[in-house]
Amino acid sequence: MPETKAPRSERKTPPASESESWRKLPWRKFEQHVYRIQKRIFQAEQRGNHRAVHTLQKLLMKSRAARMLAVRRVTQDNQGKKTAGVDGVKSVPPAQRLVMVECIHPNQWKRLKSQPVRRVYIPKPGKAEKRPLGIPVMEARAQQALVKLALEPEWEAKFEANSYGFRPGRSCQDAIAAIYIFINQKAKYALDADLKGCFDNINHEALLRKLNTYPALRRVIKAWLKAGAVDNGVFEETTSGTPQGGVLTPPTMLQKRC
């Protein structure tokens, strides 16, 4: 009798986990797409074409690539990704990250209500006093990261060449190298100064005037500034200052100084 073989059953590969699917997204393409638009924003600002800057910023924030990168930054990349806001959310699983990507679309901004930041205190190096931080909720952090992607190239075209703090692509080593170039031929005086309570006393209206952005974005940033803070369960209004700990705080600080 001819030998007959049992039909080979096809092995079904198990469905990829949510985390694996999230990891395999084309992140490099997302970064390239965002970079191209940011480059156009930078060039438009250099030309003084503010209308084109605002149009491109809207285009960037509506793009899925920018929203995906913003969510990944606050849920995976940032150092404080495990720090909860007033809602107690410390981590966001991949499925909910995709939901968050849609929630921070500019078309949804009117539905998002700005929640107060959670006040926490960390020690200041070498001092007995503590520094107050304001931790936004995760969704607000993602929205702020998205706005930061749009604002940063506009203001990079305006900032001074010899400023290094909170600048993309710059580090302490760049500042050290610049100082060396200034002092290696001739001894010079160095002024070490600190603005007391700088973050706590920034005037909101002056900051918004300095931003000089389009109305929808201005309303969102103003809502973040006025959202208040919760300190040990007690709500406090914020009439001035920007919360240290927010994603957008460093760029707005630089804009105030510019």
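This report describes the fold, helix packing and selected residues of one predicted protein model.

Residues are numbered from 1 along each chain as its sequence is written, and side-chain values use heavy atoms, with hydrogens and water left out. Because the model is predicted, local features need pLDDT of at least 70 and side-chain atom pairs count only at pLDDT 80 or more, whereas totals for chains, interfaces and linings use all residues.

## Overall architecture

The protein contains 10 helices and 4 strands; helices (H or I, at least four residues) and strands (E, at least two) are DSSP runs numbered from the N terminus. Along the sequence these elements follow the pattern α-α-α-α-α-β-β-α-α-α-α-β-β-α. Of the 258 residues, 39% are buried. Here buried means under 20% relative accessible area, exposed means over 50%, and partly exposed lies in between, for a 1.4 Å probe and protein chains only. Contact means heavy atoms within 4.5 Å. Among contacts between residues at least 6 apart in sequence, 69% join residues at least 24 apart.

## Packing around helix H6

Two helix pairs share H6. Axes are lines fitted to C-alpha atoms, for helices over the stretch in contact, and angles run from 0 to 180 degrees between N-to-C directions.

Helix H4 (residues 64-77) packs against helix H6 (residues 138-156) at about 130°, with the axes 8 Å apart. H4 is therefore oblique to H6; angles under 35 degrees count as roughly parallel, over 145 as roughly antiparallel, 65 to 115 as roughly perpendicular and the rest as oblique. The crossing of H4 past H6 is right-handed. A crossing is left-handed if the near helix is turned anticlockwise from the far one by less than a right angle, and right-handed if clockwise. On the H4 side the contact involves Ala66, Arg67, Ala70, Val71, Arg73, Val74 and Thr75, which meet Met138, Arg141, Ala142, Ala145, Leu146, Lys148 and Leu149 of H6. By class, this contact of H4 with H6 has 9 nonpolar, 1 polar and 4 charged residues. Ala, Val, Leu, Ile, Met, Phe, Trp, Tyr, Cys and Pro count as nonpolar, Asp, Glu, Lys and Arg as charged, and the others, Gly among them, as polar.

The axes of H6 and helix H9 (residues 215-225) come within 12 Å and cross at roughly 130°, so H6 and H9 are oblique to each other. H6 passes H9 in a left-handed crossing. Gln143, Gln144, Val147 and Leu151 of H6 meet Leu217, Val220, Ile221 and Trp224 of H9. The residues of this contact of H6 with H9 divide into 6 nonpolar, 2 polar and no charged.

## Selected residues

Accessibility and location are listed for several residues.

| Residue | Location | Relative accessibility |
|---|---|---|
| Gly85 | loop between H4 and helix H5 (94-103) | 4%, buried |
| Arg72 | helix H4 | 16%, buried |
| Thr238 | loop between strand S4 (234-236) and helix H10 (249-257) | 18%, buried |
| Asn212 | loop between H8 and H9 | 54%, exposed |
| Asn232 | loop between strand S3 (229-231) and S4 | 76%, exposed |

Leaving aside neighbours within four places in sequence, Gly85 is in contact with Arg118, Ile135, Pro136, Val137 and Arg141. Gly85 and Val117 lie 6.3 Å apart, C-alpha to C-alpha, although 32 residues separate them in sequence. On the same sequence-distance basis, Arg72 touches Trp22, Trp27, Glu31 and Asp77, residues up to four places away not being counted.

The side chain of Thr238 reaches the backbone oxygen of Leu225 at 2.7 Å. A polar atom of the Thr238 side chain also lies 3.2 Å from the backbone nitrogen of Gly228. A polar contact is a pair of N or O atoms within 3.5 Å; within protein, one must be able to donate a hydrogen and the other to accept it, and residues adjacent in sequence count only if both atoms are side-chain atoms. Not counting residues up to four places away, Thr238 touches His204, Leu225, Lys226, Ala227, Gly228 and Ala229.

## Helix H8 and positive phi values

His204, Ala206, Leu207, Leu208 and Leu211 are the buried residues of helix H8 (residues 204-211). At the start of H8, a side-chain oxygen of Asn203 comes within 3.0 Å of the backbone nitrogen of Glu205. Just after H8, Asn212 takes a positive phi of about 50°. Asn232 also has a positive phi, near 55°, in a residue other than glycine. Most residues other than glycine have a negative phi.
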